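Let's take a walk through this model together, starting with one residue and working outward. Keep the 3D view open as you read.

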Amino acid sequence: MPKVVVLAGDGIGPEVTAAAVEVLREVAPDVTLEEHLIGGVAVDAHGSPFPDVTRDAVLGADAVLLGTVGGPKWDGNPRPLRPETGLLALRKAMGCFANLRPVRVLPGLEKLSPLKEEVARGVDILIVRELLGGIYFDGDRRIEGDTAYNTMRYTRSEVERVSRVAFWAAEQRRGRVTSVDKANVLEVSELWRGTVQDLRDREYRSVKLNHEYVDSVAMLIVKDPARYDVIVTENLFGDILSDLAAVIPGSLGVMPSASLGDGPGLFEPIHGSAPDIAGQGVANPAAAILSVAMLLRHGLKRPDTANRVESAVAQAMRGNATRDLGGTATTTQFTRAVLEGLGQPAVG
Ligand code: NAD
Ligand code: IPM
Ligand code: MN
């Protein structure tokens, strides 16, 4: 029996994760679930945002389902006691270097986008965000009086391994990769660009690769999102571009992710703990439920079940969406609609 470790975390994390777990139990009743603490709640209970007991559990799991971490309560904590530090340590411990962030607008859902319907229609982008390197990790980082340092650093092998995931994904999709960097200014980007191009020329000649600057992509991904298939980029650029891309389907609340590496995968919405709506029962659980679909596809190798969940979410969104998308459904009402949709034949 596969074991899934569930880390609900802080803010709306427990609300959207409860919805996702309900769906997971419905479609995969054989899976064993084990809950553990991460983030602010773990700081409060164990004095650490990523306690040893959580680390041991995730390393022994077949997949990990995460909610969200962080909140004003812990914002003043020293960095080792911040919820976000726990999330970064979790990703590092699990070796999840490739973060897949799909951006899709399924038929009938264009009207939920704040963009013109013809711009949003049919968008299907996969952002592959490098997750264990760059300015987030290693290198020199400190505050010294009135001066502060962070260092952006990448090695060729770090760039190669995440690029392989992007090329592999492109081969299953429309065969195009856009590598996003700032090679006109940054040495790290120069290495990034050369490495991605060399790998394409050596091993993935059937994939069409182009290179674009991150500032230009920030404009084009909103103006003309249909021009992108797979985007591969470094950690911080991928973080920012994926929140920006949430504008296309209409909300952060519909953006799931899968973080893959050599061991078990980590599946989480891309949004944060949304302190402004936490505890109100109105959070959109779609991103968390769609992360369950990614868990089923990539973590448990059950693509048919993943498709069923995705269809049910789309159907629920065509009905009554949550408040972030202009609807009136509460978290519970939306989750009910997804559960009801699961019984019906797949559409869209
Ligand atoms: P956020 O993503 O939490 O919220 C941004 C906006 O989007 C808010 O208005 C929020 O209400 C809305 N939103 C987000 N998810 C939603 C959902 N599912 N349904 C409806 N609306 C939703 O970003 P923030 O406010 O900048 O950060 C809040 C906290 O979350 C911070 O502590 C931050 O560090 C943390 N954070 C955690 C993660 C994570 O756990 N992966 C990701 C991002 C931010
Ligand atoms: C995300 C978040 C995290 C990140 C933070 C909370 C550490 O913004 O998952 O996108 O920057 O990776
Ligand atoms: Mn982010």
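Does Ala-274 count as buried or exposed? Ala-274 counts as buried, because 23 C-beta neighbours sit inside 10 Å, and the cut-off for that label is 20 or more. Bear in mind that we're looking at a predicted model here. Ala-274 belongs to the loop that runs between β12 (265-267) and α10 (286-299). Its backbone is worth a look too: phi is near 40 degrees, a positive value in a residue that isn't glycine. Most residues other than glycine have a negative phi.

Lys-301 makes a nice partner for that story. Here too phi is positive, at about 55 degrees, although Lys-301 is not a glycine. You'll find Lys-301 in the loop between α10 and α11. As for its surroundings, Lys-301 is exposed, because it has 10 other C-beta atoms within 10 Å and the exposed class takes 12 or fewer. So of these two positive-phi residues, Ala-274 is buried, whereas Lys-301 is exposed.

Follow the chain on from Lys-301 and look at α11, residues 303-319. This helix has 17 residues and covers 25 Å from its first C-alpha to its last, close to the 24 Å expected at 1.5 Å a residue. Its buried residues include Ala-306, Val-309, Ala-312, Val-313 and Met-317, but also Arg-308, Glu-310 and Gln-315. What do the buried residues of α11 pack against? Their packing partners are α1 (13-27), α10 and α12 (331-342).

Now zoom out. The protein holds twelve helices and twelve strands. Its radius of gyration is 20 Å, close to the 20 Å that the globule rule gives for 348 residues, so the protein is as compact as a globular protein of that length. Measured out along the principal axes, the C-alpha trace spans about 50 × 50 × 40 Å. Buried residues account for 51% of the 348. If you take the contacts with a separation of 6 or more, 75% of them join residues 24 or more positions apart.

How is the protein divided into domains? Domain 1 takes 1-95 + 263-347, and domain 2 takes 97-251. Their C-alpha centres lie 23 Å apart. Each side brings 13 residues to the contact. On the domain 1 side, α4 and α11 are the elements that give two or more residues, so to speak of α11 again is to come back to the helix with those buried packing residues. That side of domain 1 divides into six nonpolar, three polar and four charged residues.

Finally, the ligands. Ligand 1 has 22 residues around it, and those that come nearest are Gly-70, Gly-253, His-271, Gly-272 and Asn-284. By type, the shell of ligand 1 splits into ten nonpolar, eight polar and four charged residues. Around ligand 2 you'll see Gly-70, Glu-84, Leu-87, Leu-88, Asp-239 and Ile-270. Gly-70 therefore turns up in the surroundings of ligand 1 and of ligand 2. Which helix gives the largest share of the shell around ligand 2? That is α4 (residues 83-94), with three residues. The shell of ligand 2 comes out as three nonpolar, one polar and two charged residues. And α4 is also one of the elements on the side of domain 1 that touches domain 2.

Notes: Residues numbered from 1 in each chain as written. Chains lettered and ligands numbered in written order. Predicted model: local features only at pLDDT ≥ 70, side-chain atom pairs only at ≥ 80, totals over all residues. Near = placed C-beta within 6 Å. Helix = DSSP H or I, 4+ residues; strand = E, 2+ residues; numbered from the N terminus. Nonpolar A, V, L, I, M, F, W, Y, C, P; charged D, E, K, R; others polar. Rg over C-alpha atoms; globule rule 2.2 N^0.38 Å. Contact = placed C-beta atoms within 7 Å. Domains from an automatic or database assignment. Expected span 1.5 Å × (residues − 1).
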